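Student: I have a structure open and want to go through it with you. Can we take it topic by topic?

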Amino acid sequence: MKILVVDDFATMRRIIKNLLNTLGYEDVNEAEDGTVALPMLHNEDYEFLITDLNMPGMSGLDLLRAVRADSTLCRLPVLVVTADANREKIVAAAKAGVDGYMVKPFSAAVLQSKISAILARTGQGPLEAAAADKDETN
Amino acid sequence: MRPTEEDPDLWSFFLDEVEALGQEMLAAVKALAAGSLAETAYEDLRRGFHTLKGGAAQMSGCDSLYCCSMKAERIVQGVTREVVFPSPALLGLLGDAVGASIDLIQQARLSGVMPAYSLSLRERLERADQYLVDAERAQMCGEGRAPFPGLVVDGA
(Lines give C-alpha, C1' and ligand atoms only; values in the text may rest on other atoms or scores of the structure.)
Protein backbone atom coordinates (compact mmCIF):
# COMPACT_ATOMS: atom_id res chain seq x y z
CA MET A 1 0.00 0.00 0.00
CA LYS A 2 1.37 3.39 -0.98
CA ILE A 3 1.19 5.92 1.88
CA LEU A 4 1.87 9.67 2.04
CA VAL A 5 2.90 11.17 5.40
CA VAL A 6 2.45 14.94 5.73
CA ASP A 7 3.98 16.90 8.62
CA ASP A 8 6.05 20.10 8.80
CA PHE A 9 8.15 18.55 11.60
CA ALA A 10 10.74 16.28 9.97
CA THR A 11 11.30 14.27 13.15
CA MET A 12 7.64 13.33 13.25
CA ARG A 13 7.65 12.30 9.58
CA ARG A 14 10.65 10.12 10.29
CA ILE A 15 9.02 8.52 13.36
CA ILE A 16 5.81 7.74 11.46
CA LYS A 17 7.78 6.37 8.51
CA ASN A 18 9.82 4.16 10.86
CA LEU A 19 6.64 2.87 12.50
CA LEU A 20 5.06 2.16 9.12
CA ASN A 21 8.19 0.31 7.98
CA THR A 22 8.10 -1.74 11.19
CA LEU A 23 4.51 -2.65 10.36
CA GLY A 24 5.55 -3.79 6.90
CA TYR A 25 4.49 -0.72 4.89
CA GLU A 26 7.54 -0.02 2.75
CA ASP A 27 6.11 2.30 0.11
CA VAL A 28 5.98 5.48 2.17
CA ASN A 29 6.67 9.03 0.98
CA GLU A 30 6.79 12.33 2.85
CA ALA A 31 5.62 15.90 2.31
CA GLU A 32 6.24 18.89 4.55
CA ASP A 33 2.82 20.53 4.18
CA GLY A 34 -0.42 20.51 2.23
CA THR A 35 0.88 22.56 -0.68
CA VAL A 36 3.61 19.99 -1.31
CA ALA A 37 1.32 17.03 -0.64
CA LEU A 38 -1.55 17.94 -2.96
CA PRO A 39 0.41 17.71 -6.26
CA MET A 40 2.01 14.46 -5.03
CA LEU A 41 -1.46 13.03 -4.41
CA HIS A 42 -2.52 14.06 -7.91
CA ASN A 43 0.55 12.72 -9.65
CA GLU A 44 0.95 9.38 -7.88
CA ASP A 45 -1.44 6.63 -6.86
CA TYR A 46 -1.50 6.96 -3.08
CA GLU A 47 -3.82 4.63 -1.22
CA PHE A 48 -3.61 6.21 2.23
CA LEU A 49 -2.89 9.67 3.65
CA ILE A 50 -1.57 10.41 7.15
CA THR A 51 -1.41 14.11 7.96
CA ASP A 52 -0.66 16.43 10.84
CA LEU A 53 -3.30 19.10 11.47
CA ASN A 54 -1.10 21.93 12.67
CA MET A 55 1.04 23.06 9.74
CA PRO A 56 1.95 26.46 8.27
CA GLY A 57 0.90 27.24 4.72
CA MET A 58 -1.79 24.70 3.92
CA SER A 59 -2.89 23.09 7.20
CA GLY A 60 -3.95 19.48 7.57
CA LEU A 61 -7.58 20.58 7.73
CA ASP A 62 -7.24 22.56 4.50
CA LEU A 63 -5.53 19.58 2.86
CA LEU A 64 -8.34 17.30 4.01
CA ARG A 65 -10.96 19.68 2.59
CA ALA A 66 -9.06 19.90 -0.71
CA VAL A 67 -8.88 16.11 -0.92
CA ARG A 68 -12.59 15.65 -0.22
CA ALA A 69 -13.49 18.35 -2.76
CA ASP A 70 -11.44 16.70 -5.51
CA SER A 71 -13.33 14.10 -7.53
CA THR A 72 -10.16 12.08 -8.17
CA LEU A 73 -9.07 12.02 -4.51
CA CYS A 74 -12.30 12.21 -2.52
CA ARG A 75 -12.31 8.51 -1.58
CA LEU A 76 -8.73 8.51 -0.28
CA PRO A 77 -8.59 7.24 3.34
CA VAL A 78 -7.25 10.00 5.62
CA LEU A 79 -5.88 9.63 9.14
CA VAL A 80 -4.98 12.83 11.03
CA VAL A 81 -2.36 13.11 13.73
CA THR A 82 -2.63 15.74 16.45
CA ALA A 83 -0.62 16.71 19.51
CA ASP A 84 -3.68 17.19 21.68
CA ALA A 85 -7.21 15.88 21.81
CA ASN A 86 -8.70 19.31 21.17
CA ARG A 87 -12.42 18.77 20.70
CA GLU A 88 -12.89 21.73 18.34
CA LYS A 89 -10.16 20.53 15.99
CA ILE A 90 -11.38 16.94 15.98
CA VAL A 91 -14.97 18.01 15.31
CA ALA A 92 -13.76 20.26 12.48
CA ALA A 93 -11.79 17.36 10.99
CA ALA A 94 -14.80 15.05 11.32
CA LYS A 95 -17.00 17.59 9.54
CA ALA A 96 -14.40 17.84 6.78
CA GLY A 97 -14.60 14.08 6.24
CA VAL A 98 -11.65 12.59 8.10
CA ASP A 99 -11.64 8.80 8.52
CA GLY A 100 -9.78 8.67 11.83
CA TYR A 101 -7.51 10.56 14.20
CA MET A 102 -4.59 9.72 16.45
CA VAL A 103 -3.20 11.72 19.41
CA LYS A 104 0.56 11.85 20.08
CA PRO A 105 2.24 9.90 21.51
CA PHE A 106 1.15 6.74 19.72
CA SER A 107 2.71 3.32 19.21
CA ALA A 108 3.04 1.08 16.16
CA ALA A 109 0.17 -1.02 17.50
CA VAL A 110 -2.14 2.01 17.70
CA LEU A 111 -1.11 3.13 14.22
CA GLN A 112 -1.83 -0.34 12.82
CA SER A 113 -5.21 -0.52 14.53
CA LYS A 114 -6.20 2.90 13.13
CA ILE A 115 -5.13 1.95 9.61
CA SER A 116 -6.90 -1.43 9.78
CA ALA A 117 -10.11 0.11 11.12
CA ILE A 118 -10.15 2.78 8.42
CA LEU A 119 -9.44 0.33 5.63
CA ALA A 120 -12.13 -2.02 6.90
CA ARG A 121 -14.64 0.83 7.11
CA THR A 122 -13.81 2.17 3.66
CA GLY A 123 -13.97 -1.28 2.13
CA GLN A 124 -10.30 -1.54 1.24
CA GLY A 125 -8.84 -3.47 4.12
CA PRO A 126 -7.95 -6.99 5.14
CA LEU A 127 -11.15 -7.34 7.17
CA GLU A 128 -13.19 -6.69 4.05
CA ALA A 129 -11.09 -9.15 2.10
CA ALA A 130 -11.50 -11.74 4.86
CA ALA A 131 -15.26 -11.16 4.88
CA ALA A 132 -15.37 -11.58 1.09
CA ASP A 133 -13.38 -14.83 1.34
CA LYS A 134 -15.77 -16.08 3.99
CA ASP A 135 -18.78 -15.28 1.78
CA GLU A 136 -17.24 -17.19 -1.09
CA THR A 137 -16.62 -20.30 0.99
CA ASN A 138 -20.15 -20.31 2.45
CA MET B 1 9.62 0.13 21.63
CA ARG B 2 11.15 3.62 21.97
CA PRO B 3 11.47 5.56 18.71
CA THR B 4 15.25 5.76 19.20
CA GLU B 5 15.64 1.98 19.58
CA GLU B 6 14.72 1.33 15.97
CA ASP B 7 16.50 4.48 14.68
CA PRO B 8 19.63 5.33 16.72
CA ASP B 9 20.22 8.63 14.86
CA LEU B 10 16.74 9.89 15.65
CA TRP B 11 17.72 11.47 18.99
CA SER B 12 20.34 13.82 17.48
CA PHE B 13 18.07 14.47 14.47
CA PHE B 14 15.30 15.50 16.86
CA LEU B 15 17.58 17.68 19.01
CA ASP B 16 18.95 19.46 15.92
CA GLU B 17 15.48 20.18 14.61
CA VAL B 18 13.98 21.41 17.90
CA GLU B 19 17.03 23.54 18.71
CA ALA B 20 16.80 25.25 15.31
CA LEU B 21 13.10 25.81 15.89
CA GLY B 22 13.81 27.19 19.37
CA GLN B 23 16.34 29.68 17.97
CA GLU B 24 13.79 30.85 15.36
CA MET B 25 11.20 31.30 18.10
CA LEU B 26 13.65 33.24 20.27
CA ALA B 27 14.35 35.59 17.35
CA ALA B 28 10.60 36.02 16.85
CA VAL B 29 10.08 36.89 20.53
CA LYS B 30 12.85 39.51 20.32
CA ALA B 31 11.37 40.96 17.12
CA LEU B 32 7.92 41.11 18.72
CA ALA B 33 9.40 42.86 21.76
CA ALA B 34 11.11 45.36 19.46
CA GLY B 35 7.85 45.98 17.64
CA SER B 36 9.23 44.82 14.30
CA LEU B 37 6.70 42.00 13.85
CA ALA B 38 2.92 42.21 13.61
CA GLU B 39 0.64 40.59 16.17
CA THR B 40 -0.04 37.83 13.63
CA ALA B 41 3.47 36.51 14.46
CA TYR B 42 2.01 35.18 17.73
CA GLU B 43 0.30 32.47 15.70
CA ASP B 44 3.71 31.34 14.38
CA LEU B 45 5.00 31.35 17.95
CA ARG B 46 2.02 29.27 19.09
CA ARG B 47 2.65 26.79 16.28
CA GLY B 48 6.30 26.60 17.34
CA PHE B 49 5.39 25.68 20.92
CA HIS B 50 2.81 23.24 19.56
CA THR B 51 5.48 21.55 17.42
CA LEU B 52 7.89 21.34 20.38
CA LYS B 53 5.09 19.83 22.45
CA GLY B 54 4.12 17.27 19.82
CA GLY B 55 7.71 16.23 19.13
CA ALA B 56 8.52 15.95 22.83
CA ALA B 57 5.36 13.89 23.40
CA GLN B 58 6.37 11.32 20.80
CA MET B 59 10.02 11.06 21.88
CA SER B 60 10.78 9.23 25.11
CA GLY B 61 12.41 11.10 28.01
CA CYS B 62 11.34 14.63 27.02
CA ASP B 63 8.67 15.24 29.65
CA SER B 64 10.13 18.58 30.77
CA LEU B 65 10.20 19.96 27.22
CA TYR B 66 6.65 18.70 26.72
CA CYS B 67 5.37 20.37 29.92
CA CYS B 68 7.16 23.67 29.33
CA SER B 69 6.03 23.99 25.70
CA MET B 70 2.47 22.89 26.51
CA LYS B 71 2.11 25.58 29.19
CA ALA B 72 3.74 28.22 26.97
CA GLU B 73 1.42 27.36 24.07
CA ARG B 74 -1.56 28.03 26.33
CA ILE B 75 -0.12 31.45 27.22
CA VAL B 76 0.33 32.39 23.54
CA GLN B 77 -3.24 31.29 22.88
CA GLY B 78 -4.29 34.06 25.26
CA VAL B 79 -3.14 36.47 22.56
CA THR B 80 -4.16 34.51 19.45
CA ARG B 81 -7.68 34.06 20.87
CA GLU B 82 -7.74 37.76 21.79
CA VAL B 83 -8.28 37.12 25.49
CA VAL B 84 -5.41 39.41 26.54
CA PHE B 85 -3.34 42.11 24.90
CA PRO B 86 0.31 41.24 24.37
CA SER B 87 2.64 43.04 26.77
CA PRO B 88 6.33 43.17 27.70
CA ALA B 89 5.55 40.90 30.69
CA LEU B 90 3.92 38.30 28.48
CA LEU B 91 6.76 38.44 25.97
CA GLY B 92 9.29 38.20 28.78
CA LEU B 93 7.60 35.04 30.02
CA LEU B 94 7.47 33.53 26.53
CA GLY B 95 11.13 34.43 25.96
CA ASP B 96 12.03 32.68 29.22
CA ALA B 97 10.04 29.60 28.16
CA VAL B 98 11.81 29.46 24.79
CA GLY B 99 15.19 30.01 26.48
CA ALA B 100 14.46 27.22 28.98
CA SER B 101 13.45 24.91 26.12
CA ILE B 102 16.72 25.58 24.32
CA ASP B 103 18.65 24.92 27.56
CA LEU B 104 16.85 21.60 27.99
CA ILE B 105 17.70 20.60 24.43
CA GLN B 106 21.36 21.58 24.82
CA GLN B 107 21.69 19.73 28.13
CA ALA B 108 20.06 16.67 26.58
CA ARG B 109 22.62 16.79 23.78
CA LEU B 110 25.50 16.96 26.27
CA SER B 111 24.34 14.33 28.75
CA GLY B 112 21.92 12.21 26.72
CA VAL B 113 19.23 12.92 29.30
CA MET B 114 16.77 15.80 29.39
CA PRO B 115 16.63 17.36 32.89
CA ALA B 116 13.64 18.96 34.62
CA TYR B 117 12.98 22.65 33.99
CA SER B 118 13.04 25.33 36.64
CA LEU B 119 10.33 25.31 39.27
CA SER B 120 10.12 29.12 39.27
CA LEU B 121 9.41 29.19 35.52
CA ARG B 122 6.79 26.50 35.94
CA GLU B 123 5.11 28.54 38.69
CA ARG B 124 5.17 31.70 36.54
CA LEU B 125 3.62 29.84 33.60
CA GLU B 126 0.94 28.38 35.85
CA ARG B 127 0.12 31.79 37.35
CA ALA B 128 -0.18 33.22 33.85
CA ASP B 129 -2.39 30.34 32.78
CA GLN B 130 -4.69 30.89 35.75
CA TYR B 131 -4.90 34.60 34.91
CA LEU B 132 -5.86 33.71 31.32
CA VAL B 133 -8.54 31.28 32.48
CA ASP B 134 -10.03 34.03 34.66
CA ALA B 135 -9.78 36.57 31.83
CA GLU B 136 -11.46 34.19 29.39
CA ARG B 137 -14.26 33.56 31.87
CA ALA B 138 -14.72 37.33 32.32
CA GLN B 139 -14.80 37.73 28.55
CA MET B 140 -17.58 35.16 28.32
CA CYS B 141 -19.50 37.33 30.78
CA GLY B 142 -19.19 40.34 28.51
CA GLU B 143 -15.90 41.94 29.51
CA GLY B 144 -13.44 43.01 26.84
CA ARG B 145 -9.92 41.90 26.03
CA ALA B 146 -7.84 42.16 29.21
CA PRO B 147 -4.36 43.57 29.80
CA PHE B 148 -1.52 41.23 30.77
CA PRO B 149 0.32 43.12 33.53
CA GLY B 150 3.72 42.20 34.91
CA LEU B 151 2.15 41.48 38.31
CA VAL B 152 0.67 38.31 36.83
CA VAL B 153 3.99 36.57 36.43
CA ASP B 154 6.01 38.42 39.06
CA GLY B 155 3.91 36.76 41.72
CA ALA B 156 2.69 39.89 43.46
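The chat below goes through packing, the interface and some backbone details.

Tutor: Go ahead; keep in mind that this is a predicted model.

Student: Start with helix 2 of chain A. Which of its residues are buried?

Tutor: In helix 2, residues 34–43 of chain A, the buried ones are A:Gly34, A:Ala37, A:Leu38, A:Met40 and A:Leu41.

Student: Why would buried positions in a helix come three or four places apart?

Tutor: An α-helix has 3.6 residues a turn, so residues three or four places apart point the same way.

Student: And what do the buried residues of helix 2 of chain A pack against?

Tutor: Their partners are strand 1 (3–6), strand 2 (28–31), strand 3 (48–52) and helix 3 (60–69), which belong to chain A.

Student: How many residues are in the largest nonpolar core?

Tutor: That core has 69 residues, and A:Leu20, B:Leu45 and B:Phe49 have the most contacts inside it. Helix 5 of chain B, residues 88–111, gives the most to this core, with 12 residues.

Student: What else is there in the way of cores?

Tutor: There is a second, separate core of 23 residues, which includes A:Ala31, A:Leu49, A:Leu53 and A:Leu73.

Student: Back to B:Leu45. What does B:Leu45 touch?

Tutor: Leaving out residues up to four places away in sequence, B:Leu45 touches B:Met25, B:Ala28, B:Val29, B:Leu32, B:Val76 and B:Leu94.

Student: Now the interface. How much area do chain B and chain A bury between them?

Tutor: About 1,800 Å², with 53% of it on carbon and sulfur atoms. In terms of contacts, 20 residues of chain B meet 20 residues of chain A.

Student: How many salt bridges are there between chain B and chain A?

Tutor: The count is 2. One of them joins A:Asp84 and B:Lys53, whose closest N and O atoms are 2.8 Å apart. There are also 7 residue pairs in polar contact across the interface.

Student: Which element of chain B gives the most to the side that touches chain A?

Tutor: Helix 3 of chain B, with 9 residues. By type, the residues on that side of chain B are 7 nonpolar, 5 polar and 8 charged.

Student: Different topic: backbone. Where is the cis peptide bond that runs from A:Lys104 to A:Pro105?

Tutor: A:Pro105 lies in the loop between strand 5 (100–103) and helix 5 (108–121) of chain A. The bond from A:Lys104 to A:Pro105 is cis, with omega near 0°.

Student: And what is the phi of B:Glu82?

Tutor: About 60°, so positive, although B:Glu82 is not a glycine. Most residues other than glycine have a negative phi. B:Glu82 lies in the loop between helix 4 (63–80) and helix 5 of chain B.

Student: Why does B:Glu82 count as partly exposed?

Tutor: Because its relative accessibility is 48%, and exposed would need over 50%.

How values were computed
Residues are numbered from 1 along each chain as its sequence is written. Chains are lettered from A and ligands numbered from 1 in the order in which they are written. This is a predicted model: local features need pLDDT of at least 70, side-chain atom pairs count only at pLDDT 80 or more; totals for chains, interfaces and linings use all residues. Side-chain values use heavy atoms; hydrogens and water are left out. Buried means under 20% relative accessible area, exposed over 50%, partly exposed in between (1.4 Å probe, protein chains only). Helices (H or I, at least four residues) and strands (E, at least two) are DSSP runs, numbered from the N terminus. Contact means heavy atoms within 4.5 Å. A nonpolar core is a set of buried Ala, Val, Leu, Ile, Met, Phe, Trp, Tyr and Cys residues joined through side-chain atoms within 4.5 Å. Buried area is the accessible area (1.4 Å probe) that two parts lose on being put together, summed over both. A salt bridge is a side-chain nitrogen of Lys or Arg within 4 Å of a carboxyl oxygen of Asp or Glu. A polar contact is a pair of N or O atoms within 3.5 Å; within protein, one must be able to donate a hydrogen and the other to accept it, and residues adjacent in sequence count only if both atoms are side-chain atoms. Ala, Val, Leu, Ile, Met, Phe, Trp, Tyr, Cys and Pro count as nonpolar, Asp, Glu, Lys and Arg as charged, and the others, Gly among them, as polar.
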